[in-house]
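Q: Could we go through this structure together? I would like to begin with how its strands are arranged.

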Amino acid sequence: MSYNVTQKLIKEHLLEGEMKPGSEIGLKIDQTLTQDATGTMVMLELEAMGIDRAKTEASAQYVDHNLIQEDSKNPDDHLFLESAAKRFGLYFSRPGNGVSHPVHMQRLAKPGKTLLGSDSHTCANGCMGMLAMGAGGIDVAMAIAGEPFYVKMPKVWGVKVTGELPDWVSAKDVILEMLRRHGVKGGVNHVFEYYGPGLKNLTAMDRHVIANMGAELGATGTVFPSDDETKRFLKLQGREEDWIELKADDGATYDVHDEIDLSEITPMVAKPSSPGNVVPIEEVDGEPIYQSYIGSSANPGYRDFAIASKIVEGKRVADGVSLDLNPTSRQMLIDLSQQGHIANFLQAGARLHQAGCNGCIGMGQAPATGRNSLRTTPRNFPGRSGTKEDSVFLCSPETAAISALNGKITDPRKAGFDYPDVQELDQPTIDTRLLDAPLPFEEAKEVELVKGPNVASIPEMDELPNDMELPILLKMGDDISTDEILAGGARVLPYRSNLPEISKFTFEIVDDTYYDRAMDIRDQGGHAIVAGANYGQGSSREHAALAPKYLGMKVAVVTDFARIHWQNLANFGVLPLTFVNESDLNDLEQGDVLVFSGLRDKIKQSNQIEVEVKGKDKTLKLEHALSERQIEIMQMGGLINWVKNRLEG
């Protein structure tokens, strides 16, 4: 039988289940990735579960999100993460070393391996011939403990790549074109696999850009073959021995087919406030901008910065425009400095920020009220930038640089000068001094966790009740993102290790009365929420499930869920249900009371249940997609309780 690359990776790591699309499978995880916005909770979960040491081939804890030190909370948590990495046998990437995804690609990614990360953009490392997936933190904690990762077997969406990109067009435009075609939920329950003769014209970092924003398609992952370009990249990083060839068999087939001719791609822009709101640049050409932002895990390569540097060289940023430069790794910053690119930016009037996620996650660099921000970041969900009523456009580095000079969104093909010739470095910097290797076990087990005053242990989780009367505390529409459920940014993320405190920000973008109303009835049985399609899109942050759970949310009823958030809800004992008849959402109102009876038995007996709407003479037909294992976890109140029960048993 002929296999594509995705199928080969899954087959090689399959521990449980069958490779039948839609059925639950359990996969062996070789590597894990955590970052500081999500990793603090992962480390607390490892502690809560009594885990002794990482069982993976390599697990790494990065500090890249919460770098602003306006008080002691972030630095305290950094010390906690450093101590936890030492205690549990993880690599530790110190603050300033860079964004997790490109650093992992440079230092630890290996073709043929699986990678699970508590960051939705972990899929970026699919550029290296890996099956790389984002997940909730507790799933990553389980993988660190040596447990399988359970996921629905995806379909494989084959994308044949031909041609070569024209001048002024780059890999960001390729993935924006995919989003223009398929939207933010088009790839749900699929892995996108790119193949074909055009791949020879995409560098490893170009592939990273495309794989990274596979998360915005809702995909389980994105996979590229491991070929000569992968080998070249690893050789430049001093890791050629980690290379293996991995390509699709002759005659391999795909469940869905697509094709991209690179030569036909044109500059694209995603308008506010969704990565799927993509248009050709002609439709927004001339829109005034306040900010132009270059960097993030969606454009992390040397070329992405160097091309922008050459565009602004000898010129001046337009009056009233902030050109923000966000290097993605310390290695990258060193190379850009040595080649004169940082000087080009600074002389043009750019603002240089530290190597990290920064404004991409709303950690500084928030745009001004009522002004447009043009960014090379992967997301522009409402409020993600840190400004509540933000207006963020997504684009390529070429578009960002030209637009910064003109003070308005500008088609880079109208630059008025030749496309700069930028070559990849023959000898990039290799520096591992801020990536600390795991301690030997005998030394590690003596390490004590360093907990500052902001680190709070995870509260006990109640079991799923059998009978409930739950008022609907919120009714929402389609495409509610995890940024809207629980925002990122400098106000919120410092409380990532303190569930009672971070819960105060829950749903504030949707309804700033939610927290108080939830707390009023939390001890009276809790509540439910209802929403439309693609509920929970975006970030993998499990706080978006944990915080509502802490506030008493027992059930979420929606048209359909984004994959990672659905799994996070199940992991923390919040029952995720969908409407059998989607029109029923229209008949429900905030304040209606849903009556559940005999629930624990009903979800075991059938994937469909009936729920009464109190006082309305209406019955809802709802369904769940939980496996037998997940039903057991749900009834016990979540995965932490389930693991503790197993370890104690």
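A: One definition is needed at the outset: two strands pair if DSSP finds at least two bridges between them. Please keep in mind that this is a predicted model.

Q: Understood. How many bridges join strand 6 to strand 7?
A: Four bridges join strand 6, residues 114–117, to strand 7, and the two strands run parallel. Within this pair, G117 stands opposite G134 of strand 7.

Q: Which sheet do they sit in, and in what order do its strands come?
A: They belong to an open sheet of six strands, ordered 7-6-3-4-5-20, with mixed pairing. Strand 7 (131–134) and strand 20 (435–436) stand at the edges; each has a single partner strand, so one side of each is left without a neighbour in the sheet.

Q: What holds strands together in general?
A: Strands of a sheet pair through backbone hydrogen bonds, in either a parallel or an antiparallel manner.

Q: Which strands does helix 5 lie across?
A: Helix 5, residues 137–144, lies across strand 3 (31–35), strand 4 (58–62) and strand 6. It runs at about 140 degrees to strand 3.

Q: What about the sheet with strand 9, what is its order?
A: That open sheet has four strands in the order 11-10-9-12, with parallel pairing. Its edge strands are strand 11 (221–223) and strand 12 (256–261), each of which pairs on one side only. On average, neighbouring strands of this sheet are turned by 20 degrees against each other, direction ignored.

Q: Which helix packs on it?
A: Helix 6, residues 171–182, packs on the sheet and touches strand 9, strand 10 and strand 12. The direction of helix 6 makes about 135 degrees with that of strand 12.

Q: And how many bridges are there between strand 9 and strand 10?
A: Strand 9 (residues 155–162) and strand 10 (residues 190–195) pair in the parallel sense over six bridges. One bridge partnership links G158 with E193 in strand 10.

Q: Is strand 2 paired in the parallel or the antiparallel sense with strand 8?
A: Strand 2 and strand 8 (residues 149–152) pair in the antiparallel sense, over four bridges. G26 has Y150 of strand 8 as its bridge partner. Strand 2, residues 24–27, also runs antiparallel to strand 1, residues 14–16, and two bridges join them. There, L14 stands opposite L27.

Q: Changing topic: how many helices and strands does the chain have?
A: The secondary structure comes to 22 helices and 27 strands. The radius of gyration is 24 Å, close to the 26 Å that the globule rule gives for 649 residues, so the chain is as compact as a globular protein of that length.

Q: What share of the residues is buried?
A: Buried residues make up 64% of the 649 residues.

Q: Which residues touch the most other members in the largest nonpolar core?
A: That core has 108 residues, and M43, Y535, V555, L594 and F596 touch the most other members. Leaving aside neighbours within four places in sequence, the contacts of M43 include F80, L81 and F88. Another core, of 48 residues, lies apart from the largest one; M105 and M213 are among its members.

Q: One last residue: is H527 buried or exposed?
A: H527 counts as buried because its relative accessibility is 0%, and the cut-off for buried is under 20%. H527 lies in strand 22, residues 527–531. Beyond its neighbours within four places in sequence, H527 is in contact with several residues, including L470, Y514 and V555.

Terms used. Residues are numbered from 1 along each chain as its sequence is written. This is a predicted model: local features need pLDDT of at least 70, side-chain atom pairs count only at pLDDT 80 or more; totals for chains, interfaces and linings use all residues. Side-chain values use heavy atoms; hydrogens and water are left out. Axes are lines fitted to C-alpha atoms, for helices over the stretch in contact, and angles run from 0 to 180 degrees between N-to-C directions. Contact means heavy atoms within 4.5 Å. The radius of gyration is taken over C-alpha atoms; the globule rule is 2.2 Å times the number of residues to the power 0.38. Buried means under 20% relative accessible area, exposed over 50%, partly exposed in between (1.4 Å probe, protein chains only). A nonpolar core is a set of buried Ala, Val, Leu, Ile, Met, Phe, Trp, Tyr and Cys residues joined through side-chain atoms within 4.5 Å.
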